[in-house]
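Hi everyone, thanks for making time this morning. I'd like to walk you through one structure, so let me put it up on the screen.

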Amino acid sequence: MKRYTPNSPQAIARILCMFMMGDGVMDPRELDSFDRLDLLSLLGLERKAFLALFHDYCNDISDEAEPDGSIHLVDRARADLVLDEVTDHQKRLLTCAIALDLCKADDTISEPEMALLQYMMAKWHITLDTLEEQFIRQ
């Protein structure tokens, strides 16, 4: 799997790609969220660059396919590798908030998305209360 500079827009974007593919379906409403909330400019990425990152992420996970062709969309070792590239606390908070929005974009938080979100937040020691304090109560 490709490595990115720690805390870079690319490292954050790859985490978001992991969420977008976590349930096996990239819902167009997830991309709409990026436009509606102007997330790409917040991350410092052009749309074309984000779509290239998404494509690269899909290629990476397909390269990890089992001999029978099965792909584990939510994999702890891959999640750790991807999540460990974001170490800055503020960027972790932002990533969690965006991931939560992406999970809700299709009006349903799937079990894989919920599991991944809980894993990321526990790993990073972030709670829903912390997100609310940072992004809602301001």
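Let's start with Ile71, which counts as partly exposed because its relative accessibility is 37%. Keep in mind as we go that this is a predicted model. Ile71 belongs to the loop that runs between α4, residues 47-63, and α5, residues 76-83. What does Ile71 touch, leaving aside its neighbours within four places in sequence? It is in contact with Ile61, Ser62 and Ala65. There is also a long-range pair to look at: Gly24 is 47 residues away from Ile71 along the chain, and their C-alpha atoms are separated by 9.7 Å.

Now to the helices. Two packed helices are described by the angle between their axes and the distance between the axes. I'll take two pairs, and α7 is in both.

The first partner is α6, residues 89-104, set against α7, residues 111-124. Their axes come within 11 Å, and they cross at roughly 170 degrees. An angle over 145 degrees counts as roughly antiparallel, so α6 is roughly antiparallel to α7. As for handedness, α6 passes α7 in a left-handed crossing. On the α6 side, the contact is made by Arg92, Thr95, Cys96, Ala99, Leu100 and Cys103. On the α7 side you'll find Glu113, Leu117, Met120, Met121 and Trp124. Sorted by class, this contact of α6 with α7 has 8 nonpolar residues, 1 polar and 2 charged.

The second partner is α1, residues 9-21. Here the axes of α1 and α7 are 9 Å apart, at an angle of about 150 degrees. That makes α1 roughly antiparallel to α7 as well. Left-handed or right-handed, which is the crossing of α1 past α7? It is right-handed. Helix α1 brings Ile15, Met18 and Phe19 to this contact, while α7 brings Glu113, Leu116, Leu117, Met120 and Trp124. In the class count for α1 with α7, there are 7 nonpolar residues, no polar ones and 1 charged.

You may have spotted cysteines in the α6 list, so let's check for disulfides. A disulfide is a covalent bond between the sulfur atoms of two cysteines. How many disulfides are there by the distance rule? The count comes to 0. Take Cys58: its closest cysteine sulfur is that of Cys17, 7.2 Å away, and that is too far for a bond, because the cut-off is 2.5 Å. Cys103 is in no disulfide either, with the nearest cysteine sulfur, that of Cys96, at 10 Å. Buried or exposed, what is Cys103? It is buried, because its relative accessible area is 1%. Cys58, in turn, counts as partly exposed, at 23% relative accessibility.

Last stop, the backbone, for those of you who like to check phi angles. Asp38 is not a glycine, yet it has a positive phi of about 55 degrees. You'll find Asp38 in the loop between α2, residues 28-36, and α3, residues 39-43. With 47% relative accessibility, Asp38 counts as partly exposed. Asp107 is another non-glycine with a positive phi, this one about 70 degrees. Asp107 takes us back to the helices we began with, since its place is in the loop between α6 and α7. Its relative accessible area is 66%, so Asp107 is exposed.

That's my tour, and I'm happy to go back to any part of it on the screen.

How values were computed. Residues are numbered from 1 along each chain as its sequence is written. This is a predicted model: local features need pLDDT of at least 70, side-chain atom pairs count only at pLDDT 80 or more; totals for chains, interfaces and linings use all residues. Side-chain values use heavy atoms; hydrogens and water are left out. Axes are lines fitted to C-alpha atoms, for helices over the stretch in contact, and angles run from 0 to 180 degrees between N-to-C directions. Helices (H or I, at least four residues) and strands (E, at least two) are DSSP runs, numbered from the N terminus. Angles under 35 degrees count as roughly parallel, over 145 as roughly antiparallel, 65 to 115 as roughly perpendicular and the rest as oblique. A crossing is left-handed if the near helix is turned anticlockwise from the far one by less than a right angle, and right-handed if clockwise. Contact means heavy atoms within 4.5 Å. Ala, Val, Leu, Ile, Met, Phe, Trp, Tyr, Cys and Pro count as nonpolar, Asp, Glu, Lys and Arg as charged, and the others, Gly among them, as polar. Buried means under 20% relative accessible area, exposed over 50%, partly exposed in between (1.4 Å probe, protein chains only).
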